[in-house]
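I sat down today to look up how the strands in this one are arranged. Here are my notes, in the order I took them.

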Amino acid sequence: MAKLDTSAEMAIGRDWVKSLALIGICVFVCVFFVHAIQSEASGYYQQRAKTGGYLILPLMVPFTLWVVFRLFVPFGPLLRISPDGFADRRVNTRLVPWSEVKNIVARSEFVTLTLSRGFTKSYSMSLGQRLLKWKRKAGPSHLVVAYWFIKPTETNLKDILSAYRAAHINTQTAAAT
């Protein structure tokens, strides 16, 4: 593995194939249930599909619209990693300074950054981030970064974040004093 250049800013974008595939699946499910609702139920399975359509369609249409909205907002790279700090634009556009990151842990398809408690109080998180933290049982001072729709990189995301943090935490703490 080559040494990572931590002097420049790194931007990691979205994986367009996975993003568009999710939209395709959502649209397919909506079209299937619209068809099931409109067709005459002549058998047991057709009746179940029709009944399921009445239950699933009101949930699926708003979810599909939300997925399409999240495809374009935020526009541009999702993750910004720089010598000054880290920003996950899906959560907040504000940069998290490396001096405020206390620990970085990777588990399955998530990287969890432990932030200082003082910084967490002033750092607002999106509803999606709060729901993800609730489901993962993460504490209030954690920032959970999901790999789901992030473009794959040559180096593991945890290793990238750790390298930037190790290289620039001393310069930020020295500048603060």
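I am working from a predicted model. I began with an open sheet of three strands, whose order is 5-6-7 with antiparallel pairing. I looked for its edges next and found strand 5 (101-107) and strand 7 (142-146), each of which pairs on one side only. I then checked the twist: neighbouring strands of this sheet are turned by 20° against each other on average, direction ignored.

What packs on this sheet? I found helix 4 (residues 127-136) there, touching strand 5, strand 6 and strand 7. I noted that the direction of helix 4 makes about 95° with that of strand 7.

I went back to the pairing of strand 6 (residues 110-115) with strand 7 and saw that five bridges join them in the antiparallel sense. Val111 has Val145 of strand 7 opposite.

I turned to strand 3 (residues 85-88) after that. How many bridges pair strand 2 with strand 3? I have four in my notes, with strand 2 (residues 79-82) antiparallel to strand 3. The two strands form a hairpin, and two residues lie between them. I looked up Arg80 and found that its bridge partner in strand 3 is Ala87.

I also followed strand 3 to strand 4 (residues 96-97): they run antiparallel and are joined by two bridges. Here Phe86 stands opposite Val96 of strand 4.

Are the side chains of strand 3 buried or exposed? I found all of its residues buried, with Gly85 and Ala87 pointing one way and Phe86 and Asp88 the other way.

Key. Residues numbered from 1 in each chain as written. Predicted model: local features only at pLDDT ≥ 70, side-chain atom pairs only at ≥ 80, totals over all residues. Heavy atoms only, no water. Buried < 20%, exposed > 50% of the residue type's maximum accessible area, 1.4 Å probe, protein only. Pairing = 2+ DSSP bridges. Axes fitted to C-alpha atoms, helices over the stretch in contact; angles between N-to-C directions. Contact = heavy atoms within 4.5 Å.
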